Amino acid sequence: MPQTAYAEPSSRTQLQLPSAYADFVNPEWVRLLDLLGMNVRYRRCAGAELLAEDGRVFLDFLSGYCVHNTGHNHPAIVAALKDELDASGPAMLQSHVADAAGLLASELLRRSGPENTTQLRRSPEAHHLTKAFFCSSGSEGIESVIKFARARTRRNGIVYARGAFHGLTCGALSLMGGDFWREGFGPMLQETYEVPFNNTAALAQVLKQESIAAVVLEPVQGEAGIVVPEPEYLAQVQELCRKHGALFVLDEVQTGLGRTGRFLAAQHYGVSPDMVVLAKALSGGLVPVAAVLMTEEIYHAVYGSLRRAIIHTSTYSENGLAMRAGLATLDVLDREKLIERSDELGRSLRQRLTQALEPYSMVKEVRGLGLMNGIVFEPPQQLRMKLSFQAFKAIHPAMFGQMIVRRLFQDHRILSQICGNNFMVLKVAPPLVIEQQQLDTYVDSITSVVDALHSSAAFWSDALDLGRRAFRV
Ligand SMILES: Cc1ncc(COP(=O)(O)O)c(C=O)c1O
């Protein structure tokens, strides 16, 4: 082990040595980034731009998987955090009433009500969200939802959708709609049931057992391939849940905070979930934070007596920095009208991408909601490309998508990724502060990459060479 490089980790330079990460954190991640040609050291990130140490400027079309809705290092959120630190307040006592948490909860709940829905289909029953629980990650939010649903219903079953991604802790992983992530980690939670997304028949069958505590869905599936629900689907799921005594839970970890053009994606569909999980963008991408919004009945089932006042907590849950960042983020979303912006820019972006990519046979469709979009590819029909495509697939199922990601990054300085549970879908999810001219750059860049994919033999052979070398096949 190269001891000398780390002997005195006093200077910034020493701490930043890439080999330290490779030696002490995760060498395989470094290898993967090297392989993709994406191992770049960034110096400054602002808005949708990432400035690399070598002077290159990249455009971020991934947003840290829907974290940077307000753009990187938004000055107002950074200033709020500096204020909070300067105030030397009770950052995290766990023995006091955290006022900022109360404020943030009320702001989140106010924005999440059914009155903000576009298609007013308010259910007569009061399923309004009235309480919030804070934690530090989306996965932790999902874990909380599982416990809360059990407490409220006294049932154990949890239903999730095929292709779903709800996080990687054991409970959340039990709701993962793909096997890869679970491999090697032993038994998962009992009584979990997978159903197809956008299909209520299978769900109705499972719910009939009357043993289901909750149905947990992403309103627009992210890692499954940016799958937008049929217009009536979520309302039908809600109705089935109510009929069979199960809770209707929406995981808005990616879709929330304006990403889809409404504060919650639920508001596009006029539904009133019993619980909503928010995370990622809630702190402007600067501090770990998550929130579970719930109905009064759920709160009472979990916490409803003095004895149970702290029955479910988390050390950093209401910490001052996260709460202040959350409040500042909501303020930025409002002041800069980023939610409306997401809606408008998303519509025009989808239209332009659809038009630009229409001539190319491997592009099946462009889909999404707001600025949460995906370009869906399909296997080629032409023999030449078909053979290369199969060779790619034999090396690694994600190889084809990663080739597009790599070319976008290296040739056009655009950071993006394919979906974690659907390798044929390229994400298009820039920060909501993205400028029109940056969107123009994206449309030109992806069109150029897709054009090369369809017209250049070298495009495939170079990537194939690289893949074979990397995987030693
Ligand atoms: C929809 C969804 N839910 C939950 C999670 C888990 O969030 P976290 O990584 O903060 O634990 C993710 C993470 O990508 C997600 O996309």
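In this predicted model, Arg413 has a relative accessibility of 39%, and because values between 20% and 50% are classed as partly exposed, Arg413 counts as partly exposed. Arg413 sits in the loop that links α15 (399–412) to β13, and its phi angle is positive, at about 55°, although Arg413 is not a glycine.

A positive phi is also found at Glu210, again about 55° and again in a residue that is not a glycine. Glu210 belongs to the loop between α9 (200–207) and β7 (212–217), and with a relative accessible area of 40% Glu210 is partly exposed.

## Two serines in loops

Is Ser416 buried or exposed? With a relative accessibility of 0%, Ser416 counts as buried, and its place is the loop between β13 (414–415) and β14 (418–419). When neighbours within four places in sequence are set aside, the residues in contact with Ser416 are Met38, Phe61, Leu62, Val405, Leu408, Leu426 and Lys427.

Ser136, which lies in the loop between β4 (129–135) and α7 (138–153), has a relative accessibility of 22% and therefore counts as partly exposed. With neighbours within four places in sequence again left out, Ser136 is in contact with Pro288, Val289, Ala290, Tyr316 and Ser317. Between the C-alpha atoms of Ser136 and Arg407, two residues that are 271 residues apart along the chain, the separation is 34 Å.

## Domains and nonpolar cores

The protein is divided into domain 1, made of residues 12–70 + 338–471, and domain 2, made of residues 79–335. Their C-alpha centres lie 28 Å apart, and the contact between the two domains takes 31 residues from domain 1 and 34 residues from domain 2.

In soluble globular proteins, nonpolar side chains tend to be buried together. The largest nonpolar core of this model has 117 residues, and those with the most contacts inside it are Ile375, Phe377 and Phe400. Helix α16, which covers residues 436–455, gives the most to this core, with 8 residues. Where does this core lie with respect to domain 1 and domain 2? Both domains give residues to the core, so the core lies between them.

Ile375 shows what the surroundings of one such core residue look like: not counting residues up to four places away in sequence, Ile375 touches Leu353, Leu357, Val363, Glu365, Val366, Met424, Val425, Leu426, Val428, Tyr442 and Ile446. Apart from the largest core lies another core, of 27 residues, among them Phe148, Val216, Ala290 and Ile298.

## The ligand and its surroundings

The residues around the ligand are Ser137, Gly138, Ser139, Phe165, His166, Gly167, Glu218, Asp251, Val253, Gln254 and Lys280. Three of the distances between ligand atoms and protein atoms are set out in the table below.

| Ligand atom | Protein partner | Distance |
|---|---|---|
| Nitrogen | Polar backbone atom of Phe165 | 3.4 Å |
| Nitrogen | N or O atom in the side chain of Asp251 | 2.6 Å |
| Oxygen | N or O atom in the side chain of Lys280 | 2.8 Å |

How much of the ligand's accessible area does the protein bury? Taken alone, the ligand exposes 400 Å², and the protein buries 83% of that area.

How values were computed:
Residues numbered from 1 in each chain as written. Predicted model: local features only at pLDDT ≥ 70, side-chain atom pairs only at ≥ 80, totals over all residues. Heavy atoms only, no water. Core = buried A, V, L, I, M, F, W, Y, C linked by side-chain atoms within 4.5 Å. Buried < 20%, exposed > 50% of the residue type's maximum accessible area, 1.4 Å probe, protein only. Helix = DSSP H or I, 4+ residues; strand = E, 2+ residues; numbered from the N terminus. Domains from an automatic or database assignment. Contact = heavy atoms within 4.5 Å. Near = heavy atom within 4 Å. Polar contact = N/O pair within 3.5 Å; in protein donor to acceptor, adjacent residues only side chain to side chain. Areas by Shrake-Rupley, 256 points an atom, 1.4 Å probe, with all protein chains shown as cover.
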